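Student: I would like to work through this model with you, one question at a time. Could we begin once it is on the screen?

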Amino acid sequence: MPPATSLFPRTAKFYTYCLTSFLWTLTITAANRAGILISDTVVEPLASAEACLTQDERDLGTCLLDIGGGTTELVVYGGGVVRHTGAVPVGGDHFTNDLAVGLRTPIPEAERIKRHHGCAAAALLHEDVAIEIASVGDRPPRTIFARMLTDVIEPRAQEFLALIRDEMRRAGLDSQIPAGFVLSGGGARLTGLVEMMEQAFHLPVRVAEPRGLVDMPEQVEQPEYATVVGLVLYGAKARRTHALRSTNFVAKLKAMFAGA
Ligand SMILES: Nc1ncnc2c1ncn2[C@@H]1O[C@H](COP(=O)(O)OP(=O)(O)O)[C@@H](O)[C@H]1O
Ligand SMILES: [Mg+2]
């Protein structure tokens, strides 16, 4: 019998799987009852990859990280096919919450200063500018320095990189992505994250620019729109494949009867 320590993660994984399937079924049922017909489902990072990765990257080996609010999802390509999908429990909101707690400021204010002045690592900070931030309650605003933001952000960024490294190692793919990382999702916009990852992994890293739609407005070419653009492309591709299959099926039937 396996020791209790090895049994637990498997059981936990099984429960997580059941819960995820249950929530997935509930979501589809809710959408159907609201009159929206769901014809297909796709794992989010696969949709993002559709809009963000080049064929070269997929062939050579690359990891797309979709850094959302609560989690980061990843998909690894190699030899033109998907080799692994996974997720780590850190996203952009963790940085915001750390700032809110660490600097005792409301969450919307923490989000604002993160976007405007946040930097992933102290070594990458260009200027230690003074920043005015709101305080909690009725207390007056205070002045802090950009360095103080980075002191809060950097440990979380280090944890994030360690989780990605562990996930890649567990999948046995840590040395299989010569084309490096592509970062999508709003969290990819954190200043300095690309440079920090390049230094930590010794691999090329770039922020995703979703492409592929005709007449796409420039504002949509931002990493946080990767999934949305990818879903449209994925849907169009699935429709083409379906149409092709139906045509092939009709052609086969015709050939059968012609031959009879
Ligand atoms: N300029 C920015 N700098 C740093 N983080 C950002 C920036 N813009 C958005 N984010 C972060 O991106 C996250 C949301 O990303 P998004 O892809 O929209 O999430 P989700 O897919 O989970 O809805 C939030 O945590 C937000 O703080
Ligand atoms: Mg997203």
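Student: Which residue of strand 2 does Ile-67 stand opposite?

Tutor: Before answering, note that this is a predicted model, in which local features need pLDDT of at least 70 and side-chain atom pairs count only at pLDDT 80 or more, while totals for chains, interfaces and linings use all residues. Residues are numbered from 1 along each chain as its sequence is written, and chains are lettered from A and ligands numbered from 1 in the order in which they are written. Strand 1 (residues 62-67) pairs with strand 2 (residues 72-78) in the antiparallel sense over six bridges, where strands are DSSP runs of E of at least two residues, helices are runs of H or I of at least four, both numbered from the N terminus, and pairing requires that DSSP finds at least two bridges. At one end of this pairing Thr-62 stands opposite Tyr-77, and the partner of Ile-67 in strand 2 is Thr-72.

Student: How many residues lie between strand 1 and strand 2 in their hairpin, and which residue takes a positive phi in the hairpin of strand 2 and strand 3?

Tutor: Strand 1 and strand 2 form a hairpin with four residues between them. Strand 2 and strand 3 run antiparallel, joined by seven bridges, and Val-76 stands opposite His-84 in strand 3. Their hairpin has two residues between the strands, and the one with a positive phi, near 60°, is Gly-79.

Student: In what order do the strands of the open sheet lie?

Tutor: Strand 1 also pairs with strand 6, here in the parallel sense over four bridges, with Cys-63 opposite Phe-181. The sheet is mixed in its pairing, and its edge strands, each paired on one side only, are strand 3 (81-88) and strand 7 (205-207). Neighbouring strands are turned by 20° against each other on average, direction ignored, the angles being taken on a scale from 0 to 180 degrees between the N-to-C directions of lines fitted to C-alpha atoms. The order of the five strands is 3-2-1-6-7.

Student: Is strand 1 mostly covered or mostly exposed?

Tutor: A residue is called buried if 20 or more other C-beta atoms lie within 10 Å of its own, exposed if 12 or fewer do, and partly exposed in between, with C-beta atoms placed from the backbone. On one side of strand 1, Thr-62, Leu-64 and Asp-66 are buried, and on the other Cys-63, Leu-65 and Ile-67 are buried as well. With six of its six residues buried, strand 1 is mostly covered.

Student: Which helix gives the largest share of the largest nonpolar core?

Tutor: A nonpolar core is a set of buried Ala, Val, Leu, Ile, Met, Phe, Trp, Tyr and Cys residues joined through C-beta atoms within 7 Å. The largest one has 45 residues, and those with the most contacts inside it include Cys-52, Cys-63, Leu-64 and Leu-65. Leu-64 touches, among others, Cys-52, Leu-74 and Val-182, contact meaning that the C-beta atoms, placed from the backbone, lie within 7 Å. The largest share of the core, seven residues, comes from helix 6 (residues 146-170).

Student: Why can helix 2 be described as largely enclosed by the rest of the structure?

Tutor: The buried residues of helix 2 (residues 44-52) include Glu-44 and Glu-50 alongside Ala-47, Ala-49 and Cys-52. Helix 2 is largely enclosed because the number of its nine residues that are buried is eight.

Student: Against which elements do the buried residues of helix 4 pack?

Tutor: In helix 4 (residues 92-102) the buried residues are Gly-92, His-94, Phe-95, Thr-96, Leu-99 and Ala-100. Helix 4 is followed by Arg-104, whose phi is positive, near 45°. The buried residues of helix 4 pack against strand 1, helix 5 (107-117) and helix 6.

Student: What distance separates the C-alpha atoms of Gly-187 and Asp-93?

Tutor: Gly-187 is found in the loop between strand 6 (181-184) and helix 7 (193-201), and it is buried because 25 other C-beta atoms lie within 10 Å. Gly-187 touches Ile-67, Gly-68, Thr-72, Gly-91 and Gly-92, not counting residues up to four places away in sequence. Although Gly-187 and Asp-93 are 94 residues apart along the chain, their C-alpha atoms are separated by 8.3 Å.

Terms used
Two residues are in contact if their C-beta atoms, placed from the backbone, lie within 7 Å.
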